[in-house]
Amino acid sequence: MNPKDINLPGYEIPEELKHVIAITALDRLYNWGRRSSVWPLMFGLACCAIEMIATQAARYDLARFGMEVMRPTPRQADLMIVAGTVTKKMVPAIVRLYNQMPEPKYVLAMGACASSGGPFKEGYNVVAGIDKFLPVDVYVPGCPPTPQALINGLILLQKKIDKESIKQVRWYRKGPDSVAIPIPVLGPDLIDTRRIPDIKAHTLSSTSKTDDQS
Amino acid sequence: MYGKGLLKGLSVTLSRFFYTYWDDLVWFWRRITKGKRRYYSPEGIAHRSSKEARGIFTVQYPEEKLPVPEEFRYLPFLVYDEGLDGTKEIRCTSCGICAKVCPPQCIWIVRSTDPATGRPRPQPAEFYIDADICMNCGLCAEFCPFDAIKMDHDYEMASYTRTLLNLDRLLKPASYYASIRPLNAAREEEARKAKLASKAAKAEAKAA
């Protein structure tokens, strides 16, 4: 990387504030380190995962962006690529994985299903967009997005990281977190697994009743 | 046996590694003699996508892009014809067939009405496509009777928020459509001319 890119702060300062504000080069160095080693969490949910694998492989080669290390554990991951259809059964596991990731963490919704539910948006078993449960940073449309489209989204994420300042990032501030950790709310978008025995008993009782009547 | 298969596999990787540098030398020679470059040039990309590529075949994406085939489809866009005085003649008549056939139901159309008479006009007042729901199936383009909605080649659509494409972002000139899908555009243009000619012939026969 060109050392000028790290040392020169590329922020625009208004003329009247030039003697008040000083932007250190630390931000640039810090962000350069973070943007060049965004490690994604290794999991795929549906067909978008195949494109994610293709992006990872030799022709598109995410190693050029420092993202080649797909971590199998959330403790070491920085980025969650939600690649595929999020079912109601899967969403508690995904939110749990997200909560286990250390700060700073980012979420990229890859494809129509993860962004909005896509063709299954009114389905009985699919969450209409992972942004109902996780704070999504970058949306990549497409069904599925081609590897180049995914890389375009990852570059957008790098640009977002570049704009962050070490003085303002939430994860180094004292006091309670400004962003509430999302907890899956049991509701129409989620099956309450604790109620499965009740539902089963109810279903069985109704069938036995109809049997009696017949 | 005895790890021979392992060594064989590793030798493939190793030979690719060496071929990468050998290719560098070959392309350096081509650059001197023919002025062809290995990277950031169409012939370089074509070589790396071909069977002859032996070493590295990575496409350096943001700087160079893999050419997409003509039938590649991403999000839809609306075609307009450029009028003589620079007006946009939108082909769409807001008939709503695309919205009806759309499997994930991501198209919203608002019909425009004539302010003088209050009657509907064959023009969309608003046209929305939720890019994050669209599944790129191309049924809208397939079913459109006016060749008004077509599938785009532009895949760089990532954004920080949900993308709702409105009329401003959807409208693209017919020349753009002809540039990304030359064969399809020529075929449709021919069909349209033939239709007009047959119509004129019929009218003539009726008059005579």
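Begin with chain A of this predicted model: among its contacts between residues at least 6 apart in sequence, 76% join residues at least 24 apart. Keep the whole of chain A selected and colour it by secondary structure; seven helices and three strands should appear. Followed along the sequence, these elements run in the pattern α-α-α-β-α-β-α-β-α-α. Of the 214 residues in chain A, 33% are buried.

Next, select residues 106-110 of chain A, which form strand 2. How many of the five residues of strand 2 of chain A are buried? Five of the five are, and the strand is thus described as mostly covered. Display the side chains here. In a regular strand, side chains alternate between the two faces of the sheet. On one side of strand 2 of chain A are Y106(A), L108(A) and M110(A), and on the other are V107(A) and A109(A). Both of these faces are covered, with each of the named residues buried.

Keep strand 2 of chain A in view and add residues 79-83 of chain A, which form strand 1. In which sense do strand 1 and strand 2 of chain A pair? The pairing is parallel and extends over five bridges. For one position in this pairing, pick V82(A), whose bridge partner in strand 2 of chain A is A109(A). Then add helix 4 of chain A, residues 91-100. Together with strand 1 and strand 2 of chain A, helix 4 of chain A makes a right-handed β-α-β unit.

Now select residues 138-140 of chain A, which form strand 3. Strand 2 and strand 3 of chain A pair in the parallel sense, over three bridges. Centre the view on A109(A), which stands opposite Y139(A) in strand 3 of chain A. To trace the connection, show helix 5 of chain A, residues 111-116. The chain passes from strand 2 of chain A through helix 5 of chain A to strand 3 of chain A, and this β-α-β crossover is right-handed.

Turn next to the contact between the chains. Chain B supplies 27 residues to the contact and chain A supplies 27 residues. Colour the side of chain B that touches chain A by residue class: 17 residues are nonpolar, five are polar and five are charged.

Finally, select chain B alone. Its domain assignment gives domain 1 as 4-49 and domain 2 as 76-205. What separates the centres of domain 1 and domain 2 of chain B, taken over C-alpha atoms? The separation between these centres is 44 Å.

Methods: Residues are numbered from 1 along each chain as its sequence is written. Chains are lettered from A and ligands numbered from 1 in the order in which they are written. This is a predicted model: local features need pLDDT of at least 70, side-chain atom pairs count only at pLDDT 80 or more; totals for chains, interfaces and linings use all residues. Helices (H or I, at least four residues) and strands (E, at least two) are DSSP runs, numbered from the N terminus. A residue is buried if 20 or more other C-beta atoms lie within 10 Å of its own, exposed if 12 or fewer, and partly exposed in between; C-beta atoms are placed from the backbone. Two residues are in contact if their C-beta atoms, placed from the backbone, lie within 7 Å. Two strands pair if DSSP finds at least two bridges between them. A crossover is right-handed if, with the strands pointing away from the viewer, the path from the first strand over the helix to the second runs clockwise. Ala, Val, Leu, Ile, Met, Phe, Trp, Tyr, Cys and Pro count as nonpolar, Asp, Glu, Lys and Arg as charged, and the others, Gly among them, as polar. Domain bounds come from an automatic or database domain assignment.
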